[in-house]
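Okay, thanks for coming, everyone. I'd like to walk you through a structure that's new to most of you, so have a look at it first.

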Amino acid sequence: RLLALVPQKSSVYERIEQEIDMDLIYQQIENNVFDIENIIRYLTDTMASMCAPVRDNQVEKIRQLATEPIEQLKLMSDLLDAMSLDLSNFRLRSLRRPLMTIAVDYEREKFAEMLNNGMIQLVKTQHWLSCHAQKKPVFEEAFVSLLEQPTLLTAETLPETLMLDVQRMSEFQNEFQANTLVATLLTLTRNFGPTSSLDELGVRFFRLLEDKETVVDNLAAEIERCVERW
């Protein structure tokens, strides 16, 4: 697993292979001369030199358990998982820019392929657009109608043409409805007095809406506190 984190044929890869010679380790175990503490120390030092600074605390915990090799091995396994995740994230960030340049074309190509192969139909898309055919512009009206839905948008409820964008559509829906709700609350609040603090109140509303525990009473209480200060 450690070798998977470094490029093959690199000097680090070769050093690890030389130090962690499995055939030699098996022989040492058979002859009861295997020094597990030495191996753990080498692996810990190697991982410390490879991992991100944010993992230093995990490395230190491993070193502090020098008399408990089993616990050390467990923590080393956890650290290897974290390092693998860090490496994957780094690679994704590195590839993000080139991937973004081909993402749209790729999505179009895959969608056309699925459509031509009969893997998907456009039944929901046709129904969705036909419901707004009398309104202009059609697509904009239809798109807003999705964001206004009272239930969370999912792959099952979205038109086929948007099924690759479920997460983004869900985020758009949340932002759209949060903006609509805050604008409505600010308009309501304005009827009670001066408007000098509305910007600050709007920020507090958005923060409340980010909290999943927020209910209508919390929003009403915020309006009441604001009005009392006026």
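Before the helix pairs, one bit of vocabulary: axes are lines fitted to C-alpha atoms, for helices over the stretch in contact, and angles run from 0 to 180 degrees between N-to-C directions. And a helix here is a DSSP run of H or I with at least four residues, numbered from the N terminus. Housekeeping next: this is a predicted model, where local features need pLDDT of at least 70 and side-chain atom pairs count only at pLDDT 80 or more, while totals for chains, interfaces and linings use all residues. Residues are numbered from 1 along each chain as its sequence is written, and side-chain values use heavy atoms, leaving out hydrogens and water.

So, the first pair. Helix 7 and helix 8, the latter being residues 166–190, pack at about 80° with axes 8 Å apart. That makes them roughly perpendicular (65 to 115 degrees; under 35 is roughly parallel, over 145 roughly antiparallel, and the rest oblique). Who touches whom? On the helix 7 side we have Phe 143, Val 144, Leu 146 and Leu 147, and they meet Met 169, Phe 172, Gln 173, Phe 176 and Gln 177 of helix 8. Contact, by the way, means heavy atoms within 4.5 Å. By class, that's 7 nonpolar, 2 polar and no charged residues (Ala, Val, Leu, Ile, Met, Phe, Trp, Tyr, Cys and Pro are nonpolar; Asp, Glu, Lys and Arg are charged; the others, Gly among them, are polar).

Just before helix 7, look at the loop between helix 6 (123–130) and helix 7 (138–147): that's where His 132 sits. Is His 132 buried or exposed? Its relative accessibility is 12%, so His 132 counts as buried (under 20%; exposed is over 50%, partly exposed in between, with a 1.4 Å probe and protein chains only). Beyond its neighbours within four places in sequence, His 132 touches Val 138, Glu 141, Ala 142 and Ser 145.

Now the other pair, helix 4 (56–64) and helix 5 (69–116): their angle is about 165°, and their axes are 9 Å apart. Those two are therefore roughly antiparallel. Their contact has 6 nonpolar, 2 polar and 3 charged residues.

Last stop, helix 10 (216–229), home of Ile 223. At 9% relative accessibility, Ile 223 is buried too. Setting aside neighbours within four places, Ile 223 contacts Leu 185, Leu 188, Thr 189 and Phe 205. Its C-alpha is 9.9 Å from that of Arg 190, 33 residues away along the chain.
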